[in-house]
Amino acid sequence: MDWNWFAAEEYWQARFAVQHLLALCYLLAFGCALHQFRGLLGERGLTPIPRFLEIAGFRRAPSLFHLHYSDRFFAVVSGAGAGLSALVLFGAADVVPLWAAMVMWLVLWVLYLSIVNVGQVWYSFGWESLLLEAGFLAIFLGPSHVAPPAPVIWLLCWLLFRVEFGAGLIKLRGDSCWRDLTALYYHHETQPVPGPLSRWFHRLPRPVHRAEVTANHVTQLLVPFLLFAPQPVATAAGLIVVVTQGWLMLSGNFAWLNFITITLAFSAMGGWLLHPVTPTPPPQQAAPPWFRAAVLALTAGFVVLSYWPVRNMLGRRQVMNRSFNRLHLGNTYGAFGSVTRTRYEVVLEGFDGARWREYDFKAKPGDPYRRPPQVAPYHLRLDWLMWFLPLSPSYGRSWLPGLIAALLRGDEQVLRLLRRNPFPDSPPQRVRALLYRYRFTTRAERRATGAFWQRSPVGDFVPELSLADLR
């Protein structure tokens, strides 16, 4: 049998880019888990993993933590994932045999799957599943000395297609402002975590906003089909995705969603573009028979798994960011199927017996005079969940009471999730949550006051509470 079709030799530079950027994304994800888990998921966190494991069996949430859980073990798992990610990033998987390279990528996937499946509401974002699906495909890309398998390159392009096309469809179906091209009249101001340039983007002329939405529709609904076209058309399609995602990275903080989408875009690019920046030599070895069999089995498996996301995209009731299995493979994706027109923020305050003081978060809007920071591709999970609260109080049912209790106790691990503790000496006597309407200041207001936001009170979100009230 002629296996010449199996090797995509002209894509070895694309594989180099995808693998190393993906290793960097794994490093970010494990680092995020290591730095935030104690306050969110630890034994004394807002939604403790041990309590979750009591009600969720292995079949519902496959994870190493069913074997054992302690905060120390979680730190070991996260640290091991970060360390292995760094090794792969600096080329360790390229200097070992094929089977060893596959094991390294498999370990990364198993470790992160174990975290995501016990992460509960804090790990319910689409980019978690996207990293796991891309990371699973990376197991079968092979090291630099073996020719990259064409079926895996196709599967990476198919994954990118689902990310982009699914996002485009959910926008057209979900909210009229995407159809009448007015979505960006609101989105830059009302997005979950604005960045330092979001106010500037929001103040662009409205014809520019309409042009941005039109370009978004072209990129997400038409360009994905070109990923499967002959070169150099596929490379051009990949470059359009990179430029679009870079524009989104400048306009807001979307964790590593844009970063990993850019990573996938490199899978469509030919060597003529990437050769000047690829330091490794061309592969010298053909794939052994057992590896070809594994790749063909992988391809057949993903053909079957693709039934559910395709049915979802073609169906009238499309959902976004849904995993159809506990392994987070063959997922459906999408973002901002609806756009909020007005920004509301929940502001937490504590009372020390003399006056009320506001708690500052690391990225979410609070102090009107503070410029929104750039935190992506890092992901501040508590800040993101705070954005959902004004949309519906039910989003905080599992963790908001615990957060208020932790502030009243002065819990150190939870306070580390915040930017500043206004009660460094002793916890407050009472805590409350207020609801404010926020909007970006105009250019005149910014010059006159120095503020980035103008906020006006709406009312109480959670009334004053003490520890005695919670008991």
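## Cysteines, cores and cavities

The disulfide count is zero, where a disulfide is a pair of cysteine sulfur atoms within 2.5 Å. This is a predicted model: local features need pLDDT of at least 70, side-chain atom pairs count only at pLDDT 80 or more, and totals for chains, interfaces and linings use all residues. Residues are numbered from 1 along each chain as its sequence is written, and side-chain values use heavy atoms, without hydrogens and water.

Two cysteines show why no bond is counted; in each case the closest cysteine sulfur is too far away. Both are buried, meaning under 20% relative accessible area with a 1.4 Å probe, protein chains only.

| Cysteine | Closest cysteine sulfur | Relative accessible area |
|---|---|---|
| C25 | C32, 11 Å | 0% |
| C32 | C25, 11 Å | 1% |

The largest nonpolar core has 122 residues. Such a core joins buried Ala, Val, Leu, Ile, Met, Phe, Trp, Tyr and Cys residues through side-chain atoms within 4.5 Å. W105, Y112, L382, W399 and L403 have the most contacts inside it. Leaving out residues up to four places away in sequence, L403 touches L46, L348, L382, M386 and V414 (heavy atoms within 4.5 Å). A second, separate core has seven residues, among them V347, Y436, Y438 and F452.

There are three cavities of 30 Å³ or more. A cavity is a set of points on a 1 Å grid over the protein atoms alone where a 1.4 Å probe fits but cannot get out; lining residues have an atom within 4 Å of a point. The largest holds about 120 Å³, the space filled by probe spheres set on the points. Its lining has 17 residues, with K364, P365, G366, D367 and R370 closest to the centre.

Definitions and conventions
Buried < 20%, exposed > 50% of the residue type's maximum accessible area, 1.4 Å probe, protein only. 1 Å grid on protein atoms, 1.4 Å probe; cavity = no way out; pocket = protein on both sides within 12 Å on 5 of 7 lines; lining within 4 Å.
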